[in-house]
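Please prepare a briefing on the architecture of this protein model, covering its sheets, the helices that pack on them, and its internal cavities.

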Amino acid sequence: MLTLDKIYHAAYVLRQVARKTDLIAAPALADDCELYLKTENLQVTGSFKVRGAYYKISQLSEEEKAHGIIACSAGNHAQGVALAAARSGIESVICMPDGAPISKVEATKAYGAKVELVKGAYDDAAARAQQLQKEKGYTFIHPFDDDAVIAGQGTIGLEILDQLADVDAVLVPVGGGGLVSGVAFAIKQLRPQCKVYGVQAAAAPSMRDSVAAGEQITLDSVSTFADGIAVKHPGDITFKMVNEYVDGVVTVTEDEIAAAILALIEKQKMIAEGAGAVAVAAVMFHKVELAGKKVVALVSGGNIDVTILNRVITRGLVMSGRSATLVIALEDKPGQLQGVSEIISRCGGNVVQVYHDHADPNMAINSCYLRIGLETRDHAQVQQIRDELTAAGFKLV
């Protein structure tokens with residue numbers, strides 16, 4: 001059973017491996033509250049997961065250690081378990097979804113674990129890990145539904161209160177619920193007036209939907225680039241704790257997560273993975289009423305694959321109005337492109353791509369489609385360009 005003493009003990013044990021990550025003011029990311037970022041993306045292994053994994057493994061008996069360790073993970077718990085097992089001289093096997101980012105798979109192997117990729121999502125990897133545990137007698141290290149793991153994650157709550165004693169609200173990413181359970185338990189014990197909110201990807205809302213239904217539900221599928229929180233079914237322990245200690249669970253869309261990642265890069269010089277950025281997205285897009293409050297958004301991880309990051313930046317630019325594509329139906333005659341270019345230039349846009357399409361069968365013979373890629377300042381500038389092109393007689397498709 002989780003107690004505050006257990007969380008304090010976890011904090012003591014973790015002093016030898018985990019960093020006390022900084023709490024950084026982020027005024028550029030919020031327009032109506034005093035926002036701070038808890039930077040667990042800068043933690044050892046690039047994620048908060050090392051806290052729960054290391055503390056759990058430190059509490060195993062010699063007999064449990066001798067059997068070896070097995071775990072299931074989308075990537076971050078895998079690295080925490082692999083590191084903790086290596087530090088303790090224990091063999092570890094990690095089952096990971098086959099869609100896990102290559103960077104997370106390779107990092108897990110680099111810490112010394114044996115990795116088995118399992119077709120499907122996290123829950124499929126969990127089923128395979130439990131099968132292997134029964135067959136070979138491994139000791140199973142659950143990524144979230146375990147009191148010791150939750151206690152390790154709860155040390156973040158202690159640190160937040162130590163760093164910002166009068167915090168009004170804390171927003172925490174939620175997958176299976178281990179992180180939010182630990183953080184909420186610690187904070188509610190020491191500062192009960194502080195609100196704690198969970199944040200999920202709208203494409204993987206298992207905890208949000210379970211809380212709304214009053215019982216644990218299992219999603220048919222999850223589809224989000226926030227792979228660290230792509231969980232179909234919440235934990236038994238965590239579901240109860242979220243109901244008791246968490247003030248609400250909200251969701252953010254894929255585009256909102258992408259915009260938050262981009263904002264963290266540009267305004268805070270900080271890399272977050274999809275799961276790590278959902279709390280920031282919830283603040284940026286006003287998913288919770290936070291006006292005038294001191295708020296902490298937990299950036300839970302920074303292990304994002306570079307190829308995914310490239311796509312996320314592109315999507316984030318579109319979402320924030322920094323990139324736009326216009327398609328214009330033109331008469332194919334001299335001067336048309338010049339007229340379009342002059343309007344865009346006058347409005348302050350920057351043309352980065354131009355493509356003429358004469359082959360579309362839906363066009364008149366003497367017409368073409370002009371596709372223009374633009375760098376812009378914001379949505380208002382994009383609309384200004386659209387309005388002036390329309391006013392000049394150009395037909396936007």
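Helices (H or I, at least four residues) and strands (E, at least two) are DSSP runs, numbered from the N terminus. With that naming, helix α15 (residues 379-391) lies across β11, β13 and β14 and runs at about 5 degrees to β11, where axes are lines fitted to C-alpha atoms, for helices over the stretch in contact, and angles run from 0 to 180 degrees between N-to-C directions. This is a predicted model, in which local features need pLDDT of at least 70 and side-chain atom pairs count only at pLDDT 80 or more, while totals for chains, interfaces and linings use all residues. Residues are numbered from 1 along each chain as its sequence is written, and side-chain values use heavy atoms, with hydrogens and water left out.

**The four-stranded sheet**

- This open sheet has the order β12-β13-β11-β14 with antiparallel pairing, two strands being paired if DSSP finds at least two bridges between them.
- Because β12 (350-357) and β14 (395-396) stand at the edges with a single partner strand each, one side of each is left without a neighbour in the sheet.
- Strand β11 (residues 323-331) pairs with strand β13 (residues 367-375) in the antiparallel sense over nine bridges, and Val327 stands opposite Arg371 in β13.
- Besides α15, helix α14 (residues 336-347) lies across β11, β12 and β13, running at about 25 degrees to β13; contact here means heavy atoms within 4.5 Å.

**The six-stranded sheet**

- A second open sheet, of six strands, follows the order β1-β2-β10-β7-β8-β9 and has mixed pairing.
- Its edges are β1 (23-25) and β9 (248-252), each with a single partner strand, so one side of each is left without a neighbour in the sheet.
- On average, and with direction ignored, neighbouring strands of this sheet are turned by 30 degrees against each other.
- Within this sheet, strand β7 (residues 169-173) and strand β8 (residues 195-201) run parallel and are joined by five bridges, with Val172 standing opposite Gly198 in β8.
- Helix α7 packs on the sheet, touching β1, β2 (34-39), β7 and β10 (294-299), and its direction makes about 135 degrees with that of β2.
- Helix α12 (residues 274-284) also packs on the sheet, where it touches β2, β7, β8, β9 and β10, and its direction makes about 155 degrees with that of β10.

**The packing of α1 with α7**

- Helix α1 (residues 4-14) packs with helix α7 (residues 147-163) at an angle of about 80 degrees, their axes being 8 Å apart.
- That angle makes α1 roughly perpendicular to α7, a class that covers 65 to 115 degrees.
- Among the residues that meet are Leu4, Ile7 and Leu14 in α1 and Ala148, Ala151 and Leu158 in α7.

**Cavities**

- A search of the whole structure finds two cavities of 30 Å³ or more, a cavity being a set of points, on a 1 Å grid over the protein atoms alone, where a 1.4 Å probe fits but cannot get out, with lining residues having an atom within 4 Å of a point.
- The largest cavity has a volume of about 290 Å³, and of the 28 residues that line it, the closest to its centre are Phe48, Lys49, Gly175, Gly228 and Ile229.
- Helices α4 (76-88) and α8 (178-190) each supply at least two residues of this lining, and the largest share, three residues, comes from α8.
- The second largest cavity holds about 30 Å³ of space and is lined by Pro101, Phe225, Asp227, Gly274, Ile304 and Ile308.
- For both cavities, grid points are joined across faces, edges and corners, and a volume is the space filled by probe spheres set on the points.

Terms used. Parallel < 35°, antiparallel > 145°, perpendicular 65-115°, else oblique. 1 Å grid on protein atoms, 1.4 Å probe; cavity = no way out; pocket = protein on both sides within 12 Å on 5 of 7 lines; lining within 4 Å.
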